[in-house]
Amino acid sequence: MAKKTVKSAAKKAGKASVSKTPAAKSGSSAKTKASVKKLAAANLPKVGPGELVSLLDYVRYATSRFIEAKLAFAHGTTDPVAEAAFIVCELLHLHPDQFENFATARVTAAEGRKILDVIHRRVSTRKPAAYLVNKIYMRGLPFYVDERTIVPRSFIGELLDTHFSGDDGEGASLIDDPMEVASVLDLCTGSGCIAILAAQSFPNAQVDAVDLSPAALAVAMRNVIDYGLDERLTLYRGDLFEPLGGNRYDLIITNPPYVDAQGMADLPDECLAEPSMAFDGGVDGLDIVRRIIEQAGDHLTPHGGLLCEVGRGRANVDAAFPDLPLIWLDTEDSEGEVFWVSAAALQGRSGI
């Protein structure tokens, strides 16, 4: 394996966002898949003393095992190399950006046992690697995660950098000055990652974040405290706008459940380890999105707007709201999975 390739994979693991729209399953039955999973776990090769020495050795071994087991990658990494580099770095307490500096360094026996244990559990349980190490990176920043919340992956973090910085760089900015944003709302906040990124993008803003799950909010609170934002970021439990009264915001951000019925049926095993309520968007994937669009106008300031991620649901959104002047935004790894709509365009929609 080329060192350059692993370096690139490690860096990508430190900042990557992957849509939660699931990849399609193979055509095998559940019984056959279970048998394959047990067989893969039972056939993990034994590793003798001294056979794996460096970080690169462990990344190569993990990559081979992940390919052999036909794992799915949709939780912050996009391929087996990136996932292997992420696991190895995390268990050695290294940021992914540090991989290049230590790629050929020796791994101690105790460290090697921990790495092999997580590799084996990743194959045998199909749990996302983020759950096994309780860590995920968004925009290069680490966040705590566990099974109480979906593993965060969203393109919104990148869009905050490219379209909300006040600069007309790669993409035209949708706001004039991030310093003038005074209030931000993150709906369906989950682990709180997007709300925390928003607090950093808009340093003068008070940020509110809402989720229906008390378990997810407990994870979010841990992240909020870790980043020292408990004075600026308030968490609410409730159904979308319900706990907020008449509050209005300069910006509403949301990465809601948007997987349609077919997508839910095709969820890979890795996604089945996550809370289903964070995925399920109803028959066409728009049950929650519709409610947000219909109510957001009542909670935006006159010059505000809504930033909403819908995965591969653009066609359904366009069909459901042909009158809305939606601006579809692209990122490095996505095309038309997030839309922006102004407060003016959303006025008067409540009760539709």
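# Notebook: a predicted chain, looked up piece by piece

**Confidence.** I began with the weak spot: residues 24–32 have pLDDT under 50 throughout, and the model gives this stretch seven contacts beyond four places in sequence. This is a predicted model, so I wanted that noted before anything else. Over the chain, the mean pLDDT is 89, with 86% of residues at 70 or more.

**Overall.** Next I pulled the totals. I found 15 helices and nine strands. The chain has 352 residues, and 54% of them are buried. I also looked at contact range: taking contacts between residues at least 6 apart in sequence, 71% join residues at least 24 apart. For the surface I got about 15300 Å² accessible, with 51% of that belonging to carbon and sulfur atoms.

**Helix 6.** I went to residues 109–125 and checked the length. Helix 6 has 17 residues and spans 24 Å from first C-alpha to last, close to the 24 Å expected at 1.5 Å a residue. Then I asked myself which residues in helix 6 are buried. My list reads Gly112, Ile115, Leu116, Val118, Ile119, Arg122 and Val123. These cover an arc of only 160° around the axis, so they sit on the same side of helix 6. I noted that an arginine, Arg122, is in that buried set. Turning to the face away from the buried side, I picked out the exposed residues Ala109, Arg113 and Lys114. Just past the end of helix 6, Arg126 has a positive phi of about 65°.

**More positive phi.** Arg126 made me look for other cases. Lys70 is not a glycine, yet its phi is positive at about 55°. I placed Lys70 in the loop between helix 3 (55–69) and helix 4 (80–91). Is Lys70 buried or exposed? Its relative accessible area is 69%, and the cut-off for exposed is over 50%, so Lys70 counts as exposed.

His93 was my next stop. Its phi is near 60°, again positive in a residue other than glycine. His93 sits in the loop between helix 4 and helix 5 (99–102). With 73% relative accessibility, His93 is exposed.

**Lys135.** I stayed with loops and looked up Lys135, which lies between helix 7 (129–133) and strand 1 (136–138). What does the side chain of Lys135 make a polar contact with? The partner is the side chain of Glu90, at 2.7 Å. Glu90 falls within helix 4 (80–91), so I wrote this down as a link from the Lys135 loop to that helix. Leaving out residues up to four places away in sequence, I listed Phe86, Glu90, Ala130, Pro142, Phe143 and Val145 as the residues Lys135 touches.

**Gly304.** Last, I went to strand 7 (residues 300–309), where Gly304 is found. I asked whether Gly304 is buried or exposed. Its relative accessible area is 4%, and buried means under 20%, so Gly304 is buried. What surrounds this glycine? Beyond its neighbours within four places in sequence, Gly304 is in contact with Asp250, Trp340, Ser342 and Ala343. I took a closer look at Asp250: its C-alpha is 4.3 Å from that of Gly304, although the two residues are 54 apart along the chain.

Key: Residues numbered from 1 in each chain as written. Predicted model: local features only at pLDDT ≥ 70, side-chain atom pairs only at ≥ 80, totals over all residues. Heavy atoms only, no water. Helix = DSSP H or I, 4+ residues; strand = E, 2+ residues; numbered from the N terminus. Buried < 20%, exposed > 50% of the residue type's maximum accessible area, 1.4 Å probe, protein only. Polar contact = N/O pair within 3.5 Å; in protein donor to acceptor, adjacent residues only side chain to side chain. Contact = heavy atoms within 4.5 Å. Areas by Shrake-Rupley, 256 points an atom, 1.4 Å probe, with all protein chains shown as cover. Expected span 1.5 Å × (residues − 1). Arc of directions from axis to C-beta. pLDDT = per-residue confidence, 0-100.
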